[in-house]
Amino acid sequence: MLHYVASPPADFCFLSMLSSGMELPMDRMTGEFAASDARDELAAFLVAVSRGDRSAFARLYERTAAKLYGICLRLMHNEAEAQEVLQETYLTVWRKADRFDPAKASPITWLAVLARNSALDRLRRRSLGLDELEAAANVPDGDPSAFAVMVAEQDSVRLRHCLDTLDERARAMIRSAFLDGASYPDLAAREGVPLGTMKSWIRRGLQRLRGCLEE
Amino acid sequence: MTDTPPLDPEMRELAAEHALGVLSGEDLAKARELELTDERFRAEVARWTGRLSPLFDEVDEVAAPPSIWAVIQRRIGATASNDNLVELNNKVATWRAVAGGMTAIAASLAIALVWTLPGTQLTPEPVQRQSAPAPMVAMLDDQGQGTKVMASWDPAAQQLVLAVSGDLKADPSHSHELWVIPKGGKPSSLGMMPSTKQMHMRLAETLARLLENGATIAISVEPRGGSPTGSPTGPVIASGALTQA
């Protein structure tokens, strides 16, 4: 599963200075409890937002915007567009928070998926050269991909293990597709291989991944 | 109740590809259509999304520009009473652990902090000025209640970092709002504190100008979401003057 409490970025010198310079009680248990607290808190915010609670929405934004902005930037490769996607995402959260089901996904994963789907929509629209209005007309309200029920949210250790069983190339392509929003044609062009080759690399990778995850 | 046949392998593959996000053109259109019409397909896409979601762990947090929240608030029809001019970046658990050790080391940290401010990767390099303004610190005192808040301000990068040792009393119906009060001036809001332990933000130019030597930094208790008037309305629970580090 995706832990809400992200590890600090590498440039967070303050922390590395602390941990190297003096002994602090970086208790693992404390971290675990805090992660589950954070998850419960975010879930509570989402439930409150679904009832139109603006201050819960503000708190939710404060807690999650940096993670979601990171995801949008990674996908859009462009600050202005990433910011638009971030806005769209939170506007969707405001309207559709009732679609969140704490039994099926962690709040931060649900939000991350929403952000990613908004970003992907925009990327694909761009690649199709569609006019925004036309594209918007084609996307039905409540596109199910945006609210997809998450069944069996994966344990991250397990996913990492299974990704490691793939060959390096397939692993890199899968990661890049998911996080950078690269499509088959993008990946094929980047690697300088025919489209069909790229498809078979990734399809084989996905098959192996499923086999490993379902073991 | 009818038995639904399992998804055939080709459709399963398409669902995996759709969750991964690699489809384009006709295949993408087909996957979207199936998502709307076929519950099994939708479930398979969701299952794959769940499988791949730990990859989000690899994405670094990046503080969003403050203007975003203002726009969102406007678009949901909230009163723009307190435009959040701060970037809020919360790393709760780590900081909970760190804050325990804060008091003893706060003083030595004050100087180190301002030189090692965490920058966001997309922050443009600050413009080099003829003589870079000196970093400043403020120790916010709560009149002996046992809480200390250390603020450090790097004018060149327009970055403000706050670290709290001890506990700022928090209750669900109130927020902590941060203020700057220039010498002889009126308080201006720097935004809400996202947690009671730490905050890290970049300030807009108009606010950054107020953080000068001798200005007071203060925290007040306000209704959830911030002061309704734009000035502090609740008790000030900690304050201190900015001085050059």
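Two residues are taken to be in contact here if their C-beta atoms, placed from the backbone, lie within 7 Å. With that in mind, I turn to the model, which is a predicted one.

I begin with two helices of chain A. In the contact between α10(A) and α11(A), the residues A:Y184, A:P185, A:L187, A:A188 and A:E191 of α10(A) meet A:L195, A:M198 and A:K199 of α11(A). By class, this contact has 6 nonpolar and 2 charged residues, and no polar ones. Helix α10 of chain A spans residues 184-191 and helix α11 of chain A spans residues 195-213; their axes come within 9 Å and cross at roughly 110°. That makes α10(A) roughly perpendicular to α11(A).

Helix α11 of chain A appears again in the surroundings of helix α8. Which residues of helix α8 of chain A, residues 156-164, are buried? They are A:L159, A:C162 and A:L163. Seen down the axis of α8(A), these buried residues fall within an arc of 100°, so they line one face of the helix. An α-helix has 3.6 residues a turn, so residues three or four places apart point the same way. On the other side of α8(A), the exposed residues are A:V157, A:H161 and A:D164. The cover over the buried residues of α8(A) includes α9 (168-180) and α11 of chain A, together with α3 (39-52) of chain B.

Helix α9 of chain A also holds A:D180. This residue is partly exposed, because 16 other C-beta atoms lie within 10 Å, and a residue counts as buried only from 20 and as exposed at 12 or fewer. Leaving aside residues up to four places away in sequence, A:D180 touches A:R74 and A:L75. The C-alpha atoms of A:D180 and A:C72 are separated by 9.2 Å, although the two residues are 108 residues apart along the chain.

A:C72 leads to the nonpolar cores. The largest of these has 79 residues, and A:C72 is among those with the most contacts inside it, as are A:V49, A:L68, A:Y69, A:L86, A:A115 and B:L20. Its largest share, 14 residues, comes from helix α3 of chain A, residues 54-76. What does A:L86 touch, beyond residues up to four places away in sequence? Its contacts are A:A65, A:L68, A:Y69 and A:C72, with B:A64 and B:I68 from chain B. Apart from this core lies another, of 30 residues, including B:M150, B:W153, B:M193 and B:L242.

Finally, chain B itself. It has 7 helices and 9 strands, and buried residues make up 47% of its 245 residues.

Conventions:
Residues are numbered from 1 along each chain as its sequence is written. Chains are lettered from A and ligands numbered from 1 in the order in which they are written. This is a predicted model: local features need pLDDT of at least 70, side-chain atom pairs count only at pLDDT 80 or more; totals for chains, interfaces and linings use all residues. A nonpolar core is a set of buried Ala, Val, Leu, Ile, Met, Phe, Trp, Tyr and Cys residues joined through C-beta atoms within 7 Å. Helices (H or I, at least four residues) and strands (E, at least two) are DSSP runs, numbered from the N terminus. Axes are lines fitted to C-alpha atoms, for helices over the stretch in contact, and angles run from 0 to 180 degrees between N-to-C directions. Angles under 35 degrees count as roughly parallel, over 145 as roughly antiparallel, 65 to 115 as roughly perpendicular and the rest as oblique. Ala, Val, Leu, Ile, Met, Phe, Trp, Tyr, Cys and Pro count as nonpolar, Asp, Glu, Lys and Arg as charged, and the others, Gly among them, as polar. The arc is that of the directions from the helix axis to the C-beta atoms.
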